[in-house]
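Please look over the structure shown below before reading on. The notes that follow treat one sheet first and then the protein as a whole.

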Amino acid sequence: MNIFRKCDDYTLARETQAAGLYPYFVPIEESTATEARIGGDWKIMVGSNNYLGLTHHPAILAAARAALVKYGSGSTGSRLLNGTLALHERLEERLAHFFHKDAALVFTTGYQANLGVIAALIGRDDHVFLDRLDHASIVDGAKLSYGHVHRYPHSDANVLARQLAGFSDDTGKLVVTDGVFSMEGTVADLPAIVAAANAHHSAVLVDEAHAVGVFGPTGAGTAEHFGVSDQVDLIMGTFSKSLASVGGVVAGDESVIHWLRHHSRALIFTASMPPASVAGVLAALDIIEREPERRARLWANTTRVATTLRALGFDIGDSHTPIIPVVVGDLVRTLQLWRALFDDGVFTHPIVPPAVPPTSCRLRVSMSAEHSDEQIDRVLGAFDRVARLMAAA
Ligand SMILES: Cc1ncc(COP(=O)(O)O)c(C=O)c1O
């Protein structure tokens, strides 16, 4: 029974709960695109990934409802067997076009997309090169593969090039990077990363989870933003952020997608995306196409909040995206700031070890196109009040 000893010994979460500073698994009773009711009180949500604010859009809800009625509540099977609906195929065609690729493959979650692509493609003799700050699903996909895993310092294409140069041109190599890094709000230096990969005959996979709907002339992400979509072999995306649903996708050459359809275990050995979610993503893509002004509004909100937080003296790191980290440092002070803001009606996320080093604990603030000027005033007012109180304490 040794395996359970660690469970009995684990006291940190209960101690944090007892101190009133526990920030996780907060049950939301009701929500709008920008607010959540918790414990009976409405909080302004600046802790979601609802960048375009589409989760409650009437056209998406109507499309999801119609699919629910037409196809039922679940697919009850794997894509390979009875779980492929005409809707999945329509979404794949649409996403291939969206990402400027030949073909696309839809997974049940974004996490599974990374697992299913990396673990399938990287064999025993292959090498995969990851940014040190890549998302856990990328790290887990690499671990699950039988290949050799290398990490390079955050966005450092020079070190990456040196690592790649250590292996012959006919070695199987794949570089995987987030387009936008979810905890820092930084953007990958894709032109330099692609150049290093090209020079050393490596394939490239970019995870556009936080970039879809946010970057690029049509909202396709950082590869489109930098004009390198044709030099990135595989583009991965999630539906759980700007696309207001749940699910994941990888887009690339037809032969690669065809191979993944038949070899990706995270695709084959799980039930497919439910119909209502698929229909919701299709409707969200229509809105992204029809309403580019949402992206403009998101960036206007982001600029306003980032500029004001800096002016108030907060350290927001090197963020140039709607993800704005407010670096506090110490764990307890970070939790105290989180709690004070929560009590003041603002929902943020504390980011603490192991996600970040112990001395750079932070709050993560993320903006939405749907935040109103008045909501932003309230958020900034709360930060100002709380910072003064903490400085005086
Ligand atoms: C960069 C990145 N990739 C992949 C994922 C996994 O996506 P999902 O939550 O849709 O499974 C996330 C989500 O947290 C993410 O931030």
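**A four-stranded sheet and its setting**

Within β3, Trp-42 is the residue that serves as bridge partner of Arg-37. The model is a predicted one, and this briefing begins with the sheet to which that pair of residues leads, before turning to the protein overall.

**Layout of the sheet**

- The four strands of this open sheet follow the order β1-β2-β3-β12, and their pairing is mixed.
- Because β1 (30-31) and β12 (346-347) stand at the edges and have a single partner strand each, one side of each is left without a neighbour in the sheet.

**Antiparallel pairings and their hairpins**

- Strand β2, which covers residues 35-38, runs antiparallel to β1 and is joined to it by two bridges, and in this pairing Ser-31 lies opposite Ala-36 of β2.
- The connection from β1 to β2 is a hairpin that passes through three residues.
- β2 also runs antiparallel to β3, and here four bridges join the two strands, with the pairing of Arg-37 and Trp-42 placed in β3 as noted at the start.
- The hairpin formed by β2 and β3 has two residues between the strands, and Gly-39 in its turn has a positive phi of about 55 degrees.

**The parallel pairing**

- Strand β3, made up of residues 41-45, pairs with β12 in the parallel sense, and the pairing extends over two bridges.
- Across this pairing, Met-45 stands opposite Phe-347, a residue of β12.

**Overall fold and dimensions**

- The protein contains 15 helices and 14 strands.
- A compact globule of 393 residues would be expected to have a radius of gyration near 21 Å, and the protein agrees with this because its own radius of gyration is 21 Å.
- Taken along the principal axes, the box that the C-alpha atoms fill is roughly 60 × 55 × 55 Å.
- Of the contacts in the protein with a separation of 6 or more, 69% are between residues that lie 24 or more positions apart.

**Burial, surface and charge**

- Of the 393 residues in the protein, 52% are buried.
- The protein exposes about 17400 Å², and 56% of this area is supplied by carbon and sulfur atoms.
- The protein carries 33 positive and 43 negative charges, and the mean positions of these two sets are 5 Å apart.

Conventions: Residues numbered from 1 in each chain as written. Predicted model: local features only at pLDDT ≥ 70, side-chain atom pairs only at ≥ 80, totals over all residues. Heavy atoms only, no water. Rg over C-alpha atoms; globule rule 2.2 N^0.38 Å. Buried < 20%, exposed > 50% of the residue type's maximum accessible area, 1.4 Å probe, protein only. Contact = heavy atoms within 4.5 Å. Areas by Shrake-Rupley, 256 points an atom, 1.4 Å probe, with all protein chains shown as cover. Lys, Arg positive; Asp, Glu negative; His and termini not counted. Charge placed at Lys NZ, Arg CZ, Asp CG, Glu CD. Pairing = 2+ DSSP bridges.
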